Amino acid sequence: MISSVSAALALASVSSVLAAPVLNNVSPLVSRATAPSPAFVIYTDKFVSADVLPPAAQLAGYNVVALSFLTLNGALDQAGAFAALPADQRAAKKAEYASAGINIIVSAFGETDKPTTQGADPVATANTMAQFVTANALDGIDVDYEDLDAMNKGDGAAEAWVTTFTQTLRQTLPQGQFILTHAPLAPWLSPNQQFAAGAYLTVNKNVGQLIDWYNIQFYNQGLYTDCEGLLNTSGGAFPGSSVFEIAANGVDLNKLVIGKPGTAADATNGFIDPATLGTCVDQAKAKGWSAGVMAFQFPDADAAWVKAAKGTSFQ
């Protein structure tokens, strides 16, 4: 078992298979979003205010905000709260963020959803979730698949599920018009007997061309706590899972967005203070990487956090 993996990208509790997300007061508008590069991504799951999202100025320096989470039980937490806003208020917030250069996407699943294990149909689930994106005029979707039970079986079912789900999403959310990202655990992007069917290395081979970038969770493994371990040699229980090792495993270097918790309280381990992370970012940039940074979560990671995390490379 990958018992140290307990990714911090979910707070919602789910217990059943596919249920249609709540689509209150939705707009029929669809997005036309160009995937930013580099990407600076912030997840929002904690309650912020009745307006759901803060003034865009509080997220200066980010270009993507991910509403969390759209689950098998529907839209919960910040995703549900945004969808429940009156249509005019939702449209005004979308316009404010667009003017500030910030895309709004929704993050699917999270830590407590187990789509493959729970028997959710990947085609039906993808179609329902794509409908949520278009109905709420969002810029795209992030796939935070964390079905550890299915991935650990090593029988290929998890990889096949994610592959079909991704292909189906792209039928409704075409590349170049909608952002489609995934948020894999870093060990899933390295060869490891624990993941006999290849985990996300297999997913990348199958549908990597359809994915704009990976918001990689470099935390909760007891690893990636300094620049060397994060960038060059992960070691520990999951060797080969640092940034440049993942690139050597065949994944596009400039799709490897470095994901970190906003504070130590946002993950079990793996926190690096943003100023130190900025030095890691500068080192990676000097070696040819320029994918960007992801933080979980607002308000623990804000405009000041990302400014520091960008180092001197992206100011």
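## Exercises on a predicted model

In strand 6, the residue that serves as bridge partner of Asp142 is Thr181, and the exercises below start from this pairing in what is a predicted model.

**Exercise 1.** Place strand 6 among its neighbours, and determine in which sense it pairs with strand 5 and with strand 7.

*Solution.* Begin with strand 5, residues 140-144, which pairs with strand 6 in the parallel sense over 4 bridges; the bridge between Asp142 and Thr181 has already been named. Turn next to strand 7, residues 213-217, which also runs parallel to strand 6 and is joined to it by 2 bridges. On this side His182 has Tyr214 of strand 7 as its bridge partner. Finally, follow the chain from strand 6 through helix 6, residues 199-207, to strand 7, a β-α-β crossover that is right-handed.

**Exercise 2.** Decide whether the residues on the two faces of strand 6 are buried or exposed.

*Solution.* Take the faces of strand 6, residues 179-182, one at a time: Ile179 and Thr181 lie on one side, Leu180 and His182 on the other. All four of these residues are buried, and both faces of the strand are therefore covered, given that buried means under 20% relative accessible area. For the wider setting, buried residues make up 59% of the 315 residues in the protein, which contains 10 helices and 9 strands.

**Exercise 3.** Find which residues touch the most other members of the largest nonpolar core, and list the contacts of Tyr145.

*Solution.* The largest nonpolar core has 100 residues, and within it Tyr145 and Trp289 touch the most other members. For Tyr145, set aside residues up to four places away in sequence; what remains is Phe109, Pro115, Thr116, Ala150, Met151, Ala158, Trp161, Val162, Trp188 and Tyr200. Across the protein as a whole, among contacts with a separation of 6 or more, 82% are between residues 24 or more positions apart.

**Exercise 4.** Locate the disulfide, describe its geometry, and explain which parts of the chain it ties together.

*Solution.* First apply the distance rule, under which two cysteine sulfur atoms must lie within 2.5 Å: the sulfur atoms of Cys227 and Cys280 are 2.0 Å apart and form a disulfide, and the count comes to 1. Next consider the handedness, which is left-handed, with -85° about the S-S bond. Then place the cysteines: because Cys227 lies in helix 7 (residues 227-231) and Cys280 in helix 9 (residues 274-286), the pair ties together parts that are 53 residues apart in sequence. Lastly, check the surroundings, where both Cys227 and Cys280 prove to be buried.

Terms used
Residues are numbered from 1 along each chain as its sequence is written. This is a predicted model: local features need pLDDT of at least 70, side-chain atom pairs count only at pLDDT 80 or more; totals for chains, interfaces and linings use all residues. Side-chain values use heavy atoms; hydrogens and water are left out. A nonpolar core is a set of buried Ala, Val, Leu, Ile, Met, Phe, Trp, Tyr and Cys residues joined through side-chain atoms within 4.5 Å. Buried means under 20% relative accessible area, exposed over 50%, partly exposed in between (1.4 Å probe, protein chains only). Contact means heavy atoms within 4.5 Å. Two strands pair if DSSP finds at least two bridges between them. A crossover is right-handed if, with the strands pointing away from the viewer, the path from the first strand over the helix to the second runs clockwise.
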